[in-house]
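Biologist: Could you walk me through the nonpolar core of this one, and tell me what sits around it? Take your time, I'd like one connected picture.

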Amino acid sequence: PLLCRLYHPTVRSCQAHQSIRVEPVQSNLLTMQRRSKQNTSDLPLITADIGCKPTGRSKTWQRATKRHQKKNPSSALFTCGLFLLFIVAGAFLLTRDFNYVSHHPVNSNVDATKRATSQKALSQYKSLQYALANADIVALYFAASWCSMSTPVTESIEKIFSTKDGLEKRVLKPNLALGDIGLEEAEHKDLAIVYVSSDRSEKSMLEYSRWNWINIPFSSEEKSDIKRQYRTCAKVEMEDLGIEPRRYHIPTLIIIDSATQGILSTNGVDELDEYGDDVLDHWIQLQQLARSLEDKYE
């Protein structure tokens, strides 16, 4: 009985729950002695050795264990299958070349002429020629007065570039005499802000635009062509413009090198918050870096 109390887990469990009583029975001692003579001391004790019967709780546990053992093979197969599925999905994502440009035909309401002009050089857009000729960097601002997400971005641009305390002296003013169109010489500036509007009316566009922004004329076809070229527009315009899918939604601020007409950054909105009043110097550094890399690898 002492051995039973010390070593057998069933006895310790029974004693802990006070569900059975262990009595030293002589016959049980004789049975244990016979087992020890037969070199079976390494065998686990059985209920005949300790004189107790399993409780109802133990039987329930045994039945649960059997059910778990029966279900275990299928659970293991399910787990392995799920693991293999994740591996295949991960390999597919790693090897997939995600291209944002759609390979499906453009909607029929966009004719071949519009598709051809959507890939022309920026200098061919008359509404951009003044900005490209008189500023080192051109910021194309795609936004709309009705878009609530555009409001904080517009306020940031105004605070940084359109106030006397900001960088307004470094920003090119619009050529109102030519309606923002033309190559009339002006004092060369570091930056020109060009507003590519998604407003519903010309009045809304003019009210929303700031005094030193260069507006793409509301009724100009070039406004739609620029949106197609950069695949950037409001969601409600996608069908009419034949843009599916979009690269960028509104508001978006795309930074252009005037000399090379290459893109310096498409993340201008976030850079406004990150760099604040130093954002223009950041864009100039990007421009210098891009040009140095072009010179190096020509």
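Modeller: Let's start from the outside: the protein's accessible surface comes to about 18800 Å², and 55% of that belongs to carbon and sulfur atoms (areas by the Shrake-Rupley method with a 1.4 Å probe; for residues, only the protein chains shown count as cover). Bear in mind that this is a predicted model, where local features need pLDDT of at least 70, side-chain atom pairs count only at pLDDT 80 or more, and totals for chains, interfaces and linings use all residues. Residues are numbered from 1 along each chain as its sequence is written, and side-chain values use heavy atoms, with hydrogens and water left out.

The protein has 13 helices and 5 strands (DSSP runs numbered from the N terminus: H or I of at least four residues for helices, E of at least two for strands). Of its 298 residues, 37% are buried (under 20% relative accessible area; exposed is over 50%, partly exposed in between, with a 1.4 Å probe and protein chains only).

Now the core itself. The largest nonpolar core holds 25 residues, and those touching the most other members are Tyr-141, Ile-157, Phe-161, Leu-191, Leu-253, Leu-272 and Trp-283 (a core is a set of buried Ala, Val, Leu, Ile, Met, Phe, Trp, Tyr and Cys residues joined through side-chain atoms within 4.5 Å). At least two residues of this core come from each of strands S1 (135–143), S2 (189–197) and S4 (252–257), and likewise from each of helices H8 (150–161), H9 (202–208), H12 (268–275) and H13 (279–297). There's also a second, separate core of 24 residues, including Val-138, Leu-140, Phe-142 and Val-194.

Zoom in on Ile-157: setting aside residues up to four places away in sequence, Ile-157 touches Tyr-141, Ser-162, Ile-193, Trp-213, Leu-253 and Leu-272 (contact means heavy atoms within 4.5 Å). Across the protein, 61% of the contacts with a separation of 6 or more join residues 24 or more positions apart.

Helix H13 also carries His-282, which counts as buried because its relative accessibility is 13%. Beyond its neighbours within four places in sequence, His-282 is in contact with Glu-271 and Tyr-275. Glu-271 lies 11 residues from His-282 along the chain, with 8.7 Å between their C-alpha atoms.

And the cysteines? Cys-233 is buried at 0% relative accessible area, while Cys-80 is partly exposed at 47%. The whole structure has 0 disulfides (pairs of cysteine sulfur atoms within 2.5 Å).
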